[in-house]
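The following paragraphs offer a guided reading of a single structure. The reader is invited to keep the sequence and the three-dimensional view at hand.

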Amino acid sequence: MKSITALSLPALGALWPEQGGHFAGITLDAAGNPFALIVPPKGVGEFQDLAWGPYGKDVPGCAHFTDGLANTQALLAAKTEHPAAKACSGFGDTDHADWYLPAAGELQLAHMHCKDLFEQDGWYWTSTQYDRSLAFVQDFEFGYSDYGYKGFRRRVRAVRRSFI
């Protein structure tokens, strides 16, 4: 992966064509490594009416609040189907094929700096599991964070990262 420097970062919320989307901010992965969060342009990499996964099934390794990539990898490795994670990880082109379902903290960061890139009605799934029946969701109209039943159908939005 190509590394970037702080001097080459665009303004928060600005389109960053080389990274395939908009710069939503800087956060840390589970190991404490900083990265730039990238949100694709409005309407791109967005999917509707998807369940998080099966209700009542605990998935080890997907409780990270800032590492959606680790959560998504755990969901895809699970023995049960996880449509939200699968849709996000299957999105992309040859230049940027490393998209994933964002963690709760990543969607909160996107709400702060890229709110207008998301639909304002309804909830978006995160990859962050609360317990065997619930996963965290994010609202982009008022900025609420909550959790919902895993079997409910909601929107999802792919994100990617660039390590700095």
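In this predicted model, a convenient place to begin is the hairpin formed by strands E2 and E3, in which five residues lie between the two strands. Within the turn, Gly 32 adopts a positive phi of about 90°. The two strands, E2 at residues 21-28 and E3 at residues 34-39, run antiparallel and are joined by six bridges. One position at which to view this pairing is Ile 26, which stands opposite Ala 36 in E3.

Strand E2 also takes part in a hairpin with strand E1, residues 15-16. Here four residues separate the strands, and Gly 20 has a positive phi near 85°. Two bridges join E1 to E2, again in an antiparallel arrangement, and Leu 15 has His 22 of E2 as its bridge partner.

How is strand E2 placed with respect to the rest of the structure? Of its eight residues, six are buried, so E2 is largely enclosed by the remainder of the structure.

The pairing continues from E3 to strand E9, with four bridges in the antiparallel sense. In this pair, Ile 38 is bridged to Arg 160 of E9. Together the strands make an open sheet of four, ordered E1-E2-E3-E9, with antiparallel pairing. The edges of this sheet are E1 and E9 (160-163); each has a single partner strand, so one side of each is left without a neighbour in the sheet.

Helix H3, residues 104-114, packs on this sheet and touches E2, E3 and E9. The direction of H3 makes about 130° with that of E2. Which residues of H3 are buried? They are Ala 104, Glu 106, Leu 107, Leu 109, Ala 110, His 111 and Cys 114. As background, an α-helix has 3.6 residues a turn, so residues three or four places apart point the same way. The buried residues of H3 pack against E2, E3 and E9, and also against helix H1 (68-77), strand E5 (123-129) and strand E6 (134-139).

Attention may now turn to the surface. Tyr 55, Tyr 149 and Phe 152 make a nonpolar surface patch of about 350 Å². Of these residues, Phe 152 is located in the loop between strand E7 (145-149) and strand E8 (153-157). Its relative accessible area is 44%, and Phe 152 is therefore partly exposed, since this class lies between the limits of 20% for buried and 50% for exposed residues.

Terms used. Residues numbered from 1 in each chain as written. Predicted model: local features only at pLDDT ≥ 70, side-chain atom pairs only at ≥ 80, totals over all residues. Heavy atoms only, no water. Buried < 20%, exposed > 50% of the residue type's maximum accessible area, 1.4 Å probe, protein only. Pairing = 2+ DSSP bridges. Contact = heavy atoms within 4.5 Å. Axes fitted to C-alpha atoms, helices over the stretch in contact; angles between N-to-C directions. Patch = residues over 30% accessible without salt bridge, like charges linked within 9 Å, V, L, I, M, F, W, Y side chains within 5 Å. Areas by Shrake-Rupley, 256 points an atom, 1.4 Å probe, with all protein chains shown as cover. Salt bridge = Lys/Arg side-chain N within 4 Å of Asp/Glu carboxyl O.
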